[in-house]
Amino acid sequence: MSGSLDGRVAFITGVARGQGRAHAVRLAREGVDIIGVDICENYPHMTYPNASEADLAETVELVEKQGRRIVARKADVRDYDQLEKAFAAGIAEFGRVDIVIANAGIIRLGDEEDFLAEWREVIDTNLTGVFHTVRAALPALKEGGRGGSIVITSSTAGLKGTSSPRASYQAYSAAKRGLVGYMQALANDLAPEWIRVNTIHPTGVVSGMTQNEAMDRLMAQAAAGGSNDISGMQNALPIGILQSEDIANAVAWLVSDEAKYITGVQLPLDAGFSVR
């Protein structure tokens, strides 16, 4: 990155593990201090465990090993007041924010039990939670007068819907596609202030969402020839799943000055999934 990120501050949601942690560590390596949040509690209607407070503490250690500072707090992106208070603690410490990575997201894996609750949990986290994240950080980002970069984690589901009768999967696709419209509205609105806004669209990535017993059952069923919500998903490149660091490397470039003219873009990080 040629030192272009040194001294900047990033606000990252879902920072306790997976892509959020990878973003924090990668940016810290480039000289960025981190304001990070994670819910560190399980959802009542999801089928895999969320990150823990121990995971969040590990992220703190990993960032500090890079020689950077981090303010990490428990906060639920569905709760604007919680998120705003956590962000305010970071601003009190660092006095600025330059990068926002709205990364927190969930999906229920497996059979449907309470379709209304499952729809609401996914939409409230994956769509409204991103809105809350940006709204909490935007005043400070604009007040800095230095421009900035907002990256919203969408999905290949935000580019190409897949078939599912289950509310959680449908909500996931709806939210991830909705993020594109939200990104475009922000990109147009904030461009005069040199604040760039883009979505990223990863394929399957090693994370808590993909490495759990519920996903293992779906993978085994698909491998045996069964039809389920993941059986039709396949990358064009001969790789089954990406590492969180693969996504973080691309995002580090996207938020840097090397990408200073890129805004309003839907960036696939998908091993060719969306072209199949």
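This is a short tour of salt bridges and one pocket in a predicted model.

Before selecting anything, note that residues are numbered from 1 along each chain as its sequence is written, and that side-chain values use heavy atoms, with hydrogens and water left out. In this predicted model, local features need pLDDT of at least 70 and side-chain atom pairs count only at pLDDT 80 or more, while totals for chains, interfaces and linings use all residues.

**Stop 1: the charged pairs**

Searching the whole structure gives 15 salt bridges. The criterion is a side-chain nitrogen of Lys or Arg within 4 Å of a carboxyl oxygen of Asp or Glu.

Select glutamate 58 and arginine 21. Their closest N and O atoms lie 3.5 Å apart, in a salt bridge. The pair ties distant parts of the chain: glutamate 58 sits in helix H2 (residues 53-65), arginine 21 in helix H1 (residues 18-29), 37 residues apart. Helices are DSSP runs (H or I, at least four residues) and so are strands (E, at least two), numbered from the N terminus.

Is arginine 21 buried or exposed? Its relative accessibility is 15%, so arginine 21 counts as buried. Glutamate 58 is partly exposed at 38%. The cut-offs: buried is under 20% relative accessible area, exposed over 50%, partly exposed in between (1.4 Å probe, protein chains only).

**Stop 2: aspartate 98**

Move to aspartate 98, buried at 5% relative accessibility. Arginine 96 meets aspartate 98 in a salt bridge at 2.8 Å, N to O. Arginine 96 is partly exposed, at 25%.

Now add arginine 146. Its side chain also forms a salt bridge with aspartate 98, at 3.2 Å, N to O. These two residues are 48 apart: arginine 146 is in the loop between helix H4 (115-143) and strand S5 (148-153), aspartate 98 in the loop between helix H3 (80-94) and strand S4 (99-102). Arginine 146 is partly exposed, at 44%.

**Stop 3: a network**

Select Asp33, Arg68, Arg69 and Glu93. Salt bridges link these residues in a network.

**Stop 4: the second largest pocket**

Return to Arg146. The second largest pocket has 13 lining residues, and those closest to its centre are Arg8, Arg146, Gly147, Gly148 and Asp257. Its volume is about 210 Å³. A pocket is an open set of points on a 1 Å grid over the protein atoms alone, where a 1.4 Å probe fits, with protein on both sides within 12 Å along at least five of seven lines; lining residues have an atom within 4 Å of a point. The lining divides into 2 nonpolar, 4 polar and 7 charged residues.

Technical notes. Points joined across faces, edges and corners; volume = space filled by probe spheres on them. Nonpolar A, V, L, I, M, F, W, Y, C, P; charged D, E, K, R; others polar.
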